[in-house]
Amino acid sequence: MKIAITGGAGFIGSGLALELQKDHEILIIDKMSSNELLDNGNLECFGHFKNLLDFDGELYVGDIRDEKTLQKIKNFKPDVIFHKAAISDTTVYNQNKILTTNLNTFKDFIELSIDINAKLIYASSASVYGNQPSPQKVGVEDPKNPYAFSKLMMDKIARKYYDKAHLVGLRYFNVYGKGEFYKN
Ligand SMILES: NC(=O)c1ccc[n+]([C@@H]2O[C@H](COP(=O)([O-])OP(=O)(O)OC[C@H]3O[C@@H](n4cnc5c(N)ncnc54)[C@H](O)[C@@H]3O)[C@@H](O)[C@H]2O)c1
């Protein structure tokens, strides 16, 4: 298959790309780390070239908020899009910044996946549950920060497209492993 991975130079996305490239053609989309900092002093983007030293597919450096980036994915004609690109920092309180990056772009990705008949698998987050007691349940969410709120709003949009798009949202809990080093 042809597979596009947004956020593919990040922690989870790069692991996914390195595994999937064994059997599939991969396009990674990532803005990559720069000197841009968020209000809390942390890096805006964690995409790092060292995560991709063993990557053999195509890397396109672009912003998911940019029309040119969407066009790049469209031209690649993926069978599946793994949408991982996001501001993944839960301590960011600049609501405008996090929601324009994580939320506004999401509808574009759903529309794009419908348009090109690709499956869309996107990263939601267990943070949507906040401090709910275990066992946490879908439908009982209580986001405590703008990041978690952005993910919950993505899930709500996804539900609206349930009949029209082939999409799956994964509420990852705390992921651990190789490649996280570059998130500092
Ligand atoms: N790591 C976890 O424990 C965890 C838990 C729950 C959900 N998630 C979600 O899974 C996904 C991947 O998480 P991660 O831990 O790999 O985070 P990460 O920060 O390492 O990866 C996100 C990637 O997106 C890129 N990116 C950010 N803004 C972008 C933009 N505007 N345009 C293009 N690329 C951009 C970054 O450069 C980075 O490479 C994220 O959506 C995150 O919210 C992660």
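Reader: Is R65 buried, partly exposed or exposed?
Author: This is a predicted model, and the label rests on a computed value. Buried means under 20% relative accessible area and exposed means over 50%. R65 has a relative accessibility of 35%, so R65 counts as partly exposed.

Reader: Which side chain does R65 meet in a salt bridge with a distance of 3.7 Å?
Author: Side chains of opposite charge can pair when their charged atoms come close. For R65, the N to O distance in this salt bridge is 3.7 Å, and the partner is E44.

Reader: How many residues apart in sequence are the parts that E44 and R65 tie together?
Author: Let's place both partners along the chain. E44 sits in the loop between strand 2 and strand 3, while R65 sits in the loop between strand 3 and helix 2. The pair therefore ties together parts whose separation in sequence is 21 residues.

Reader: Is E44 buried or exposed?
Author: The cut-off for buried is under 20% relative accessible area. E44 has a relative accessibility of 4%, so E44 counts as buried.

Reader: Where does K97, which also meets E44 in a salt bridge, lie?
Author: K97 and E44 meet at 3.4 Å, N to O. E44 is in the loop between strand 2 and strand 3, and the pair ties together parts that are 53 residues apart in sequence, because K97 lies in helix 3.

Reader: What is the relative accessible area of K97?
Author: Partly exposed residues fall between the buried limit of 20% and the exposed limit of 50%. K97 is partly exposed, and its relative accessible area is 22%.

Reader: Which side chain meets R171 in a salt bridge, and where does that partner lie?
Author: The partner of R171 is E141, at 2.8 Å from N to O. The pair links distant parts of the chain, 30 residues apart, with R171 in strand 6. R171 counts as buried, at 16% relative accessibility. As for E141, its place is the loop between strand 5 and helix 4.

Reader: Which residues do salt bridges that share partners join into one network?
Author: E44 is a good starting point, as E44 meets R65 and also K97. Following shared partners gives one network, made of K31, E36, E44, D63, R65 and K97.

Reader: How many salt bridges are there by this rule?
Author: The rule asks for a side-chain nitrogen of Lys or Arg within 4 Å of a carboxyl oxygen of Asp or Glu. Counted this way, the number of salt bridges is 12.

Reader: Which element gives the most to the largest nonpolar core?
Author: In soluble globular proteins, nonpolar side chains tend to be buried together. Here the largest nonpolar core has 29 residues, and those with the most contacts inside it are I73, I81, F106, I110 and L167. Elements giving two or more residues to this core include strand 2 (25–30), helix 2 and strand 5 (119–125). With seven residues, the element that gives the most is helix 3.

Reader: Which element gives the most to the positive patch?
Author: The positive surface patch is formed by K107, K156, R159 and K160. R159 is partly exposed at 48% relative accessible area. Three residues of the patch come from the element that gives the most, helix 4.

Reader: Which residues form the negative surface patch?
Author: One of them is E67, which lies in helix 2 (residues 67–76). E67 counts as exposed, at 55% relative accessibility. The complete patch is D66, E67, D108 and E111.

Reader: Is M32 buried or exposed?
Author: M32 has a positive phi of about 70 degrees although it is not a glycine. M32 is found in the loop between strand 2 and strand 3 (58–61). Its relative accessibility is 14%, so M32 counts as buried.

Reader: And is K77 buried or exposed?
Author: K77 is not a glycine either, yet has a positive phi of about 55 degrees. K77 lies in the loop between helix 2 and strand 4 (80–83). Since its relative accessibility is 59%, K77 counts as exposed.

Reader: Is the peptide bond from S134 to P135 cis or trans?
Author: P135 lies in the loop between strand 5 and helix 4. For the bond from S134 to P135, omega is near -5 degrees, and the bond is cis.

Technical notes. Residues numbered from 1 in each chain as written. Predicted model: local features only at pLDDT ≥ 70, side-chain atom pairs only at ≥ 80, totals over all residues. Heavy atoms only, no water. Patch = residues over 30% accessible without salt bridge, like charges linked within 9 Å, V, L, I, M, F, W, Y side chains within 5 Å. Areas by Shrake-Rupley, 256 points an atom, 1.4 Å probe, with all protein chains shown as cover. Lys, Arg positive; Asp, Glu negative; His and termini not counted. Charge placed at Lys NZ, Arg CZ, Asp CG, Glu CD. Helix = DSSP H or I, 4+ residues; strand = E, 2+ residues; numbered from the N terminus. Buried < 20%, exposed > 50% of the residue type's maximum accessible area, 1.4 Å probe, protein only. Core = buried A, V, L, I, M, F, W, Y, C linked by side-chain atoms within 4.5 Å.
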